[in-house]
Amino acid sequence: MTNQASIDILTDVLEGLIDSADGYEAAAAIAERDAFKKFFSQRSGARRAMAATVRSEIASLGGTPDADGTVLANAHRVFMKISAALQDNDEAAIEAVDDGEEHLREKIKDAMNNEDLSPKAKAAMSQFQGELEADCRMIDQLEDAI
């Protein structure tokens, strides 16, 4: 395990967290129900807090944390805007964040399974997994509410 290997793994997770935060922000913008807007805004803030934790860990390992999301996330946000125009905004928002969360859960799972990730970073990823699972259950409840 090297610091650079952990930095690379964490950078990938950081991109996913930034994408997720941005996705939740976009979902809050297109959602119609106030409860959905509030939930999406809160989750965006939670993802930004996770990203801050990852940035701190990258810096502690000697890396320079990335501040941007991925190109794929930008395309996903465009898709969300188009979807919202074509269907119920709440439904489009929930579908979009659900897809994004699945992608983020996979990134964190992959990071956890990578032997090159530092023990401190694995501990943070473990905490993130619990929060992501709780969010997944909440998203399922929102889907049922539509």
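**Why the helices are described as they are**

Trainee: How do you know that the span of α5 agrees with the 27 residues of α5?

Mentor: At 1.5 Å a residue, and with the span taken as 1.5 Å times one less than the number of residues, α5 should cover 39 Å, and its end C-alpha atoms lie 40 Å apart, which agrees. The model is predicted, so local features need pLDDT of at least 70 and side-chain atom pairs pLDDT 80 or more, whereas totals for chains, interfaces and linings use all residues. Residues are numbered from 1 along each chain as its sequence is written, and side-chain values use heavy atoms, leaving out hydrogens and water.

Trainee: Why is Ile-30 called buried?

Mentor: Buried means under 20% relative accessible area (1.4 Å probe, protein chains only), and Ile-30, at 14%, therefore counts as buried. Ile-30 is found in helix α1, residues 3-30, helices being DSSP runs of H or I with at least four residues.

Trainee: What makes α1 roughly parallel to α5?

Mentor: The axes, lines fitted to C-alpha atoms over the stretch in contact, with angles from 0 to 180 degrees between N-to-C directions, come within 13 Å and cross at roughly 25°. Angles under 35 degrees count as roughly parallel, and α1 is therefore roughly parallel to α5.

Trainee: Which residues of α1 make the contact with α5?

Mentor: With contact meaning heavy atoms within 4.5 Å, Leu-10, Val-13, Leu-17 and Tyr-24 of α1 meet residues of α5 that include Phe-128 and Asp-135.

Methods
Helices (H or I, at least four residues) and strands (E, at least two) are DSSP runs, numbered from the N terminus. Buried means under 20% relative accessible area, exposed over 50%, partly exposed in between (1.4 Å probe, protein chains only). Angles under 35 degrees count as roughly parallel, over 145 as roughly antiparallel, 65 to 115 as roughly perpendicular and the rest as oblique.
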